[in-house]
Amino acid sequence: MQGDTEIVGTETEPYRVDLVAGQIFTEEDPALQLDPGSYSLNHFSVYNDAGDLLWIAPRLGSELAEFVDGALPLTINLGAGVKKYVEVPVLCFDDREVNQYGYLFFELDEVRAYELCFFANYCDDDGRHYTANYNLDIWLGTDNTGEILYSDLVPETGIDENGDFFARPVCVALPINDVPDEDYIYYEATLLNWNENYDSPTPIVLSGTLSRNDIEANFGPDMTVEYEHLRFNCVPGGGEPTGPVCLPAITGDCERAVFIQMVGNDGPSGLTEFYPIFTQDGDEVGTIRYNLVKRPAMKDLLTATVDLNDGWTATHARFTLPNVDEDDVCVNNINDDNFDMVYEAANLTYPVQARVAINVCPE
């Protein structure tokens with residue numbers, strides 16, 4: 001385009017130019033011999049010999065524009081007597097709709113993306129499963145200090161024609177990492193209220209990291225993809241984790257605080273960040289932090305350190321790893337606002353779900 005005038009190709013019939021054989025730049029083409037001036041590139045797509053779409057350049061305002069530097073339209077200033085190569089960022093995306101995206105010599109700068117979908121359950125303390133409503137944030141990196149890719153995503157929820165509550169999966173496009181087993185995507189999912197479906201629960205945050213192998217493990221045949229299934233307060237088979245029961249019923253002004261978090265990675269060590277703890281009524285009563293230690297030829301250690309806010313005291317606590325076949329850790333008669341719980345288990349595989357339930361009372 002030059003201004004509003006179509007110079008090479010039209011919106012309905014884009015101009016075709018071949019790539020140099022075995023290269024990712026275009027051949028010399030008389031149609032691209034243009035007068036000096038300022039032009040814009042508004043559409044760019046790449047096909048194979050069979051006519052299958054391989055790559056496309058995203059446009060500003062599209063969902064995938066953030067994955068490239070220089071989304072269309074590209075401004076091209078062409079001088080006299082030059083052979084100008086213009087880099088065009090293009091995406092290879094498994095599930096794109098062409099009409100939503102966004103010469104001279106053009107050189108391709110390829111970026112690839114995967115689609116991944118999330119779905120979540122919430123389980124009450126009796127083990128009953130519900131379709132969950134939640135908030136999803138995703139970062140590029142291994143914690144929430146990385147580059148934010150998505151924030152405040154929520155599923156579409158409602159009631160179907162059978163009167164059943166439903167939630168659509170939340171699907172996102174993720175950049176592809178060159179190292180298959182390297183964690184490079186970090187997510188946090190926060191359970192939200194859905195009063196019509198389930199009683200207001202204790203605020204729960206699930207977090208985790210994903211590698212390219214983790215993402216590809218969800219891929220099925222015929223271009224299908226399985227959900228990344230999140231479970232708030234759920235354990236295999238439903239119900240409470242096995243092991244000793246060490247939390248008496250709350251009485252008087254005391255409250256129950258439950259915190260569930262995916263912690264660790266393939267080689268955990270050191271301290272995690274501080275996580276806030278909330279009561280079932282939504283009151284923030286303190287923080288929890290984990291320390292992960294791998295010990296060769298000995299059981300691994302996972303320590304939960306609880307630090308309650310002024311005005312709150314813990315009486316009893318229970319530390320559970322629902323997917324690990326070890327007894328729970330119970331701490332009785334605490335009567336303090338700062339304490340540790342140490343979980344010992346053989347050859348922990350990370351990330352692991354850590355569930356802490358505490359009886360807290362106002363001082």
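The following paragraphs describe the fold, sheets, nonpolar cores, aromatic pairs and backbone outliers of a predicted protein model.

The secondary structure of the predicted model consists of one helix and 24 strands. The protein has 363 residues, of which 45% count as buried. Its exposed surface amounts to about 18,900 Å², and carbon and sulfur atoms contribute 44% of that area.

Two open sheets are described here. In general, the strands of a sheet pair through backbone hydrogen bonds, in either the parallel or the antiparallel sense. One open sheet contains four strands in the order β9-β8-β13-β14, and its pairing is antiparallel. Strands β9 and β14 form the edges of this sheet, each pairing on one side only. From one strand to the next, the twist averages 15°. Within the sheet, β13 and β14 are joined in the antiparallel sense by seven bridges. Ile 185 has Leu 210 of β14 as its bridge partner.

Another open sheet, also of four strands, follows the order β16-β24-β21-β22 with antiparallel pairing. Its edges are occupied by β16 and β22 (329–331); each has a single partner strand, so one side of each lacks a neighbour in the sheet. The twist in this sheet averages 20° from one strand to the next. Strand β21, which spans residues 312–320, pairs with β22 in the antiparallel sense over three bridges. Arg 318 is placed opposite Cys 330 of β22.

The packing of nonpolar side chains was examined next. In soluble globular proteins, nonpolar side chains tend to be buried together. The largest nonpolar core of the model comprises 40 residues, and those with the most contacts inside it are Phe 118, Tyr 134, Leu 136, Ile 138, Tyr 150, Leu 174 and Phe 232. At least two residues of this core come from each of β6 (105–123), β8 (134–140), β9 (147–153), β12 (170–175), β13 (183–191), β14 (205–211), β15 (227–232) and β16. The surroundings of Ile 138 illustrate this packing. When neighbours within four places in sequence are set aside, Ile 138 is in contact with Phe 118, Glu 147, Ile 148, Leu 149, Tyr 150, Val 172, Leu 174, Ile 185, Tyr 186 and Tyr 187. A second core, separate from the largest one, contains 33 residues. Its members include Tyr 290, Val 331, Met 341 and Tyr 350.

Aromatic side chains were considered separately. A search of the whole structure yields 13 aromatic pairs. In one of these, Trp 194 and Tyr 198 adopt an edge-to-face arrangement, with 6.2 Å centre to centre and 75° between the planes. Trp 194 counts as buried because its relative accessibility of 8% falls under the 20% limit. Tyr 198 has a relative accessibility of 3% and therefore also counts as buried. The pair between Phe 259 and Tyr 275 is tilted, with 5.6 Å centre to centre and 35° between the planes. Phe 259 belongs to strand β16 (residues 255–263) and Tyr 275 to strand β18 (residues 275–278), so this pair ties together parts that are 16 residues apart in sequence. Both Phe 259 and Tyr 275 are buried. Trp 194 and Tyr 198 also belong to one aromatic cluster together with Tyr 122, Tyr 130 and Phe 165.

The backbone geometry was examined last. Most residues other than glycine have a negative phi, and most peptide bonds are trans. The peptide bond from Leu 72 to Pro 73 is cis, with omega near 0°. Pro 73 is located in the loop between β3 (53–56) and β4 (74–78). Asp 152, a residue other than glycine, has a positive phi, near 60°. This residue, Asp 152, lies in strand β9. With a relative accessible area of 56%, Asp 152 is exposed. Phi is likewise positive for Asn 333, a residue other than glycine, with a value near 50°. Asn 333 is situated in the loop between β22 and β23 (338–345). The relative accessible area of Asn 333 is 58%, and this residue is therefore classed as exposed.

How values were computed
Residues numbered from 1 in each chain as written. Predicted model: local features only at pLDDT ≥ 70, side-chain atom pairs only at ≥ 80, totals over all residues. Heavy atoms only, no water. Phe/Tyr/Trp six-rings, centres within 6.5 Å; stacked < 30°, edge-to-face > 60°. Buried < 20%, exposed > 50% of the residue type's maximum accessible area, 1.4 Å probe, protein only. Core = buried A, V, L, I, M, F, W, Y, C linked by side-chain atoms within 4.5 Å. Contact = heavy atoms within 4.5 Å. Areas by Shrake-Rupley, 256 points an atom, 1.4 Å probe, with all protein chains shown as cover. Pairing = 2+ DSSP bridges. Axes fitted to C-alpha atoms, helices over the stretch in contact; angles between N-to-C directions.
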